[in-house]
Amino acid sequence: MRLRELFRLALIAGVSLSCGDGTGTVLPDPGPVNLVLTTPNNSDGALLLDITGGAVTSVQTQGYELAATPPGTGLRMLVRGNLVAGPIATLIVPDRHKLGKYTVTVLQAAARGTYQQLPLAGYAVRLAVP
């Protein structure tokens, strides 16, 4: 019975230490996060997005054209192409533990080909760890 208790304590300590720096502090988790689009349309040609709440180190699209402000504390980006629901870009952030602080707002949406403005109801973009 004593050996089982020691094994259990060692396992708990190992798991605890692997999640931080040994002082109870959770270490930052830098890395990629996907911008995942939900759209009510099947003819989107462009989206203007505003990302706030945390730093962004870099951004790249998933096969679409991109124009963006320089990465930093906030980011405004225009994504253009034959947009479909699903991942549309990847951001590199300094700490993926803090994704709950980020907000992605769809500021404008435009139709493919004509770039006619579309109503924003039904659009959403969320951040997701790949």
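**Two sheets, one core and three salt bridges**

Visitor: In S7, which residue is the bridge partner of Ile 51?

Guide: In this predicted model, strands S2 and S7 pair in the antiparallel sense, and their pairing runs over eight bridges. Strand S2 covers residues 44-52 and strand S7 covers residues 103-111. Within S7, the residue that serves as bridge partner to Ile 51 is Val 104.

Visitor: Beyond residues up to four places away in sequence, which residues does Ile 51 touch?

Guide: Ile 51 belongs to the largest nonpolar core, where it is listed with Leu 35, Leu 47, Leu 49, Met 77, Leu 91 and Leu 127 as touching the most other members. Once residues up to four places away in sequence are set aside, the contacts of Ile 51 are Leu 35, Gly 74, Leu 75, Met 77, Leu 91, Tyr 102, Thr 103 and Val 104.

Visitor: Which strands each supply at least two residues of this core?

Guide: The core in question is the largest nonpolar one, and it holds 27 residues. The strands that each give at least two residues to this core are S1 (31-38), S2 (44-52), S5 (75-83), S6 (86-93), S7 (103-111) and S8 (124-128).

Visitor: Is S2 largely enclosed or largely open, and how many of its nine residues are buried?

Guide: One residue of this strand, Asp 50, has 18% relative accessibility, and since buried means under 20%, Asp 50 counts as buried. Taken as a whole, S2 is largely enclosed by the rest of the structure, because the number of its nine residues that are buried is seven.

Visitor: In what order do the four strands of the open sheet with edge strands S4 and S7 stand?

Guide: S4 and S5 pair in the antiparallel sense over four bridges, while S2 and S5 pair in the antiparallel sense over seven. The four strands form an open sheet with antiparallel pairing, in the order S4-S5-S2-S7. In this sheet the edge strands pair on one side only, and they are S4 and S7. The twist from one strand to the next averages 20°, and the order asked for is S4-S5-S2-S7.

Visitor: Why is one side of S3 and of S8 left without a neighbour in the sheet?

Guide: These strands belong to an open sheet of four strands, antiparallel in its pairing and ordered S3-S6-S1-S8. S3 and S8 stand at the edges of that sheet, so one side of each lacks a neighbour in the sheet, and what each has is a single partner strand.

Visitor: By how many degrees are neighbouring strands of this sheet turned against each other on average?

Guide: The sheet is the open one with the order S3-S6-S1-S8. When direction is ignored, its neighbouring strands are turned against each other by an average of 25°.

Visitor: Which residue in S6 stands opposite Leu 37?

Guide: S1 and S6 pair in the antiparallel sense over seven bridges. In S6, the residue opposite Leu 37 is Gly 86.

Visitor: How far apart in space are Val 59 and Ala 89, C-alpha to C-alpha?

Guide: Val 59 lies in strand S3, residues 58-61, and counts as buried because its relative accessibility is 18%. Leaving out residues up to four places away in sequence, Val 59 touches several residues, including Leu 66, Leu 75 and Ala 89. Although 30 residues separate Val 59 and Ala 89 in sequence, their C-alpha to C-alpha distance is 7.0 Å.

Visitor: How many salt bridges does the structure hold?

Guide: One of them joins the side chains of Arg 96 and Asp 29 at 3.2 Å, N to O; this pair links distant parts of the chain, with Arg 96 in the loop between S6 and S7, Asp 29 in the loop between helix H1 (2-18) and S1, and the two positions 67 residues apart. Another joins the side chains of Arg 76 and Asp 50 at 3.7 Å, N to O, and this pair links strand S5 to strand S2. The number of salt bridges in the structure is three.

Visitor: At what distance, N to O, do the side chains of Arg 80 and Glu 65 meet?

Guide: Glu 65 stands opposite Arg 80 in S5, and the pair links strand S5 to strand S4 across 15 residues of sequence. Arg 80 counts as partly exposed at 32% relative accessibility, and Glu 65 counts as partly exposed at 47%. Their side chains meet in a salt bridge whose N to O distance is 2.8 Å.

Conventions:
Residues are numbered from 1 along each chain as its sequence is written. This is a predicted model: local features need pLDDT of at least 70, side-chain atom pairs count only at pLDDT 80 or more; totals for chains, interfaces and linings use all residues. Side-chain values use heavy atoms; hydrogens and water are left out. A nonpolar core is a set of buried Ala, Val, Leu, Ile, Met, Phe, Trp, Tyr and Cys residues joined through side-chain atoms within 4.5 Å. Buried means under 20% relative accessible area, exposed over 50%, partly exposed in between (1.4 Å probe, protein chains only). Contact means heavy atoms within 4.5 Å. Two strands pair if DSSP finds at least two bridges between them. Axes are lines fitted to C-alpha atoms, for helices over the stretch in contact, and angles run from 0 to 180 degrees between N-to-C directions. A salt bridge is a side-chain nitrogen of Lys or Arg within 4 Å of a carboxyl oxygen of Asp or Glu.
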